[in-house]
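Please look at the sequence and the model together while reading this report. It starts with the interior, then turns to the sheet and ends with the cysteines.

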Amino acid sequence: DGSAAVFFRVRPRGRLLEATVADLLAGPEAGRSAAALLRRVGKEGAVDHIACAFPAGSVGREAARRAFCLPSPRGVTLVANALREDLPLDVTDLANWAPVLGDLEVF
């Protein structure tokens, strides 16, 4: 179905008020609902901007584009250190990850 849920918090960022989207849960058919939710976060949170990070090709990335969220020019820096050599996949290869902002920021 077209259901979607968003998890976010509002906090001051300098003189601005920022909504940080930790995660967006939406199936492949929920793109419009997800975009509407992101717009609602901005409106009801009365924020100056929304910070979010979604994997390329995801429903969240497309919803953010539809909701006119601007991507960060610097992106996100991810550092991984394999603690064992016999892991089933390469943790240093970003293609094996699909992080969202809630995974990358300490709330």
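In this predicted model, the largest nonpolar core has 17 residues, and those with the most contacts inside it are Val-6, Val-21, Leu-24, Leu-38, Ile-50, Phe-54 and Ala-63. The elements that give two or more residues to this core are strand E2, helix H1 and helix H2, the last of which covers residues 59–66. Helix H1 makes the largest contribution to this core, with five residues. Nonpolar side chains in soluble globular proteins tend to be buried together.

Phe-54 is a good place to look more closely. Leaving aside residues up to four places away in sequence, Phe-54 touches Val-21, Leu-24, Gly-60, Arg-61, Ala-64, Pro-99 and Val-100. Val-21 and Leu-24 are themselves among the core residues with the most contacts.

The sheet comes next. Three strands form an open sheet in the order E1-E2-E3, with mixed pairing. Strand E1 (4–13) and strand E3 (49–51) stand at the edges and have a single partner strand each, so one side of each is left without a neighbour in the sheet. On average, and with direction ignored, neighbouring strands of this sheet are turned by 30 degrees against each other. Helix H1, which covers residues 31–44, packs on the sheet and touches E1, E2 and E3, while its direction makes about 25 degrees with that of E1.

In general, the strands of a sheet pair through backbone hydrogen bonds, either parallel or antiparallel. The table shows how the strands of this sheet are paired.

| Strands | Bridges | Direction | One bridge pair |
|---|---|---|---|
| E1 and E2 | 10 bridges | antiparallel | Val-10 and Ala-19 |
| E2 and E3 | Three bridges | parallel | Glu-18 and His-49 |

The hairpin of E1 and E2 has two residues between the strands, and Gly-14 takes a positive phi near 70 degrees there.

Finally, how many disulfides does a search of the whole structure find? The search finds zero disulfides. The sulfur of Cys-52 has its closest cysteine sulfur in Cys-69, at 4.4 Å, which is too far for a bond, because a disulfide requires the two sulfur atoms to be within 2.5 Å. Cys-69 is accordingly in no disulfide. Are these two cysteines buried or partly exposed? Cys-52 counts as partly exposed, at 22% relative accessibility, whereas Cys-69, at 13% relative accessibility, counts as buried. The reason lies in the cut-off, because a residue is called buried under 20% relative accessible area.

Notes. Residues numbered from 1 in each chain as written. Predicted model: local features only at pLDDT ≥ 70, side-chain atom pairs only at ≥ 80, totals over all residues. Heavy atoms only, no water. Pairing = 2+ DSSP bridges. Helix = DSSP H or I, 4+ residues; strand = E, 2+ residues; numbered from the N terminus. Axes fitted to C-alpha atoms, helices over the stretch in contact; angles between N-to-C directions. Contact = heavy atoms within 4.5 Å. Core = buried A, V, L, I, M, F, W, Y, C linked by side-chain atoms within 4.5 Å. Buried < 20%, exposed > 50% of the residue type's maximum accessible area, 1.4 Å probe, protein only.
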